[in-house]
Amino acid sequence: MIRCIAIDDEPLALQQMESYISKIPYLELVAKCQCATDAKSIIDNDKVDAIFCDINMPELNGLDFVKSLKNPPMVVFTTAYSEYAIDGFKLDAVDYLLKPFGLDDFRKATEKIKKRYDAQRMLQEVSQVDEDDAIFLKTEYKIVRINVSDIHYVEAMSEYLRIYVDGATRPIIVLMSMKKMEERLPSSSFMRVHRSFIINLKKIKEVSKNRISLGEDVDVPIGDSYRDNFNAYINSKFLTK
């Protein structure tokens, strides 16, 4: 469930927001607040994933309120004034609802919230490597366990992947997309450098023109669309005088 807060100084607007939220199955209303100060106290002390926030409010308006948050939740601004839209999106608002809005417009905004929420959850899961550095892969009617740090590089071949692991006599072949494997491997150690190759950055021996040497007579090409990202990594590690 996506935990959310509705913030509006008008009680009727809050009541309508509560009604709309109750109709969205993946939303959980944590609190209704008539001022930003109360909302801030809840956000500081509870898990809040999203806020539906009016802009014109006494004491602290919605824009300044979001700016004041250290790690703001996802925000949908709700207001009767269209001139605030640009300022709202500068704060990375998920959406901007102009009052009066109906359930259909509200539902579209919540769908955007859910997409961003799901993407954030996926990134968190991908970035968390198991404590023992292990992943499990299905290959040749069995499931094998390998240490992520032992992966030398990954090569795509049609719908399959060849995963080259240190110490193995032959690659592990799995039915998986390159995108899925790229998402699963930690970005701190692995990088896609070509449409068909993901490499373990810790295995790089040399870089020459358009190729990366991983040792043991293994040379991997650098794709044009991946070159800038790879060069940025190299430059971040480059030792100068």
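Q: What makes the contact between the side chains of Arg-227 and Asp-224 a salt bridge?
A: In this predicted model, the N to O distance between Arg-227 and Asp-224 is 2.6 Å. The cut-off is 4 Å between a side-chain nitrogen of Lys or Arg and a carboxyl oxygen of Asp or Glu. The pair therefore counts as a salt bridge.

Q: Why is Asp-224 called exposed?
A: Its relative accessible area is 65%. Exposed means over 50%, so the label applies.

Q: How many salt bridges does the structure hold?
A: The structure holds 16. Among them is the pair Arg-3 and Glu-28, at 3.3 Å from N to O.

Q: What does the pair of Arg-3 and Glu-28 tie together?
A: Arg-3 lies in strand E1 and Glu-28 in strand E2, so the pair links parts that are 25 residues apart in sequence. Salt bridges with shared partners also join Arg-3, Glu-28 and Asp-46 into one network.

Q: Are Arg-3 and Glu-28 buried or partly exposed?
A: Arg-3 has 18% relative accessibility. Buried means under 20%, so Arg-3 is buried. Glu-28 has 31%. That value falls between 20% and 50%, so Glu-28 is partly exposed.

Q: What makes Arg-162 and Glu-155 a salt bridge?
A: Their side chains meet at 3.7 Å, N to O. The limit is 4 Å, so the pair qualifies. Arg-162 is partly exposed, with a relative accessible area of 27%. Glu-155 is buried, at 18% relative accessibility.

Q: How do you know that Cys-33 is not in a disulfide?
A: The closest cysteine sulfur, in Cys-35, is 7.0 Å from the sulfur of Cys-33. A disulfide needs two cysteine sulfur atoms within 2.5 Å. The sulfurs are therefore too far apart for a bond.

Q: What rules out a disulfide for Cys-53?
A: The closest cysteine sulfur to that of Cys-53 is in Cys-33, 9.6 Å away. Against a cut-off of 2.5 Å, that is too far for a bond. The count for the structure comes to 0 disulfides.

Q: Are Cys-33 and Cys-53 buried or exposed?
A: Cys-33 is buried, at 3% relative accessibility. Cys-53 is buried too, at 0%. The threshold is under 20%.

Q: Why is Ser-189 called buried, and where is its place?
A: Its relative accessibility is 12%. Buried means under 20%, so the term fits. Ser-189 sits in the loop between helix H6 (178–184) and strand E11 (190–194). Leaving aside neighbours within four places in sequence, Ser-189 is in contact with Ile-199, Asn-200, Leu-201 and Lys-202.

Q: Why are the buried residues of helix H2 said to line one face?
A: The buried residues of H2 (residues 36–45) are Ala-36, Ala-39 and Ile-43. Seen down the axis of H2, they fall within an arc of 60°, so they line one face of the helix. Their cover includes E1, E2, E3 and helix H3 (62–68).

Q: What is the strand order of the parallel sheet, and is it open or closed?
A: The sheet is open, with 5 strands in the order E2-E1-E3-E4-E5. The twist averages 20° from one strand to the next.

Q: Why do strands E2 and E5 stand at the edges?
A: E2 (27–33) and E5 (95–98) each have a single partner strand, so one side of each is left without a neighbour in the sheet.

Q: How do you know that E4 and E5 pair?
A: Strand E4 (residues 74–79) and E5 share 4 bridges, in the parallel sense. Pairing needs at least two bridges, so these strands qualify. Val-76 stands opposite Asp-95 in E5.

Q: Which strands does helix H1 lie across?
A: H1 (residues 11–22) lies across E1 (2–7), E2, E3 (50–54) and E4. H1 runs at about 170° to E2.

Q: What makes E6 and E7 a pair?
A: Strand E6 (residues 134–139) and strand E7 (residues 142–147) run antiparallel and are joined by 6 bridges. The requirement is at least two, so they pair. Ala-134 stands opposite Asn-147 in E7. The hairpin has 2 residues between the strands, and Glu-140 takes a positive phi near 50° there.

Q: Which are the edge strands of the antiparallel sheet E10-E9-E8-E12-E11?
A: They are E10 (172–175) and E11, each pairing on one side only. Within this sheet, E8 (residues 151–157) and E9 (residues 160–165) pair over 6 bridges. Tyr-153 stands opposite Tyr-164 in E9.

Key:
Residues are numbered from 1 along each chain as its sequence is written. This is a predicted model: local features need pLDDT of at least 70, side-chain atom pairs count only at pLDDT 80 or more; totals for chains, interfaces and linings use all residues. Side-chain values use heavy atoms; hydrogens and water are left out. Axes are lines fitted to C-alpha atoms, for helices over the stretch in contact, and angles run from 0 to 180 degrees between N-to-C directions. Contact means heavy atoms within 4.5 Å. Buried means under 20% relative accessible area, exposed over 50%, partly exposed in between (1.4 Å probe, protein chains only). The arc is that of the directions from the helix axis to the C-beta atoms.
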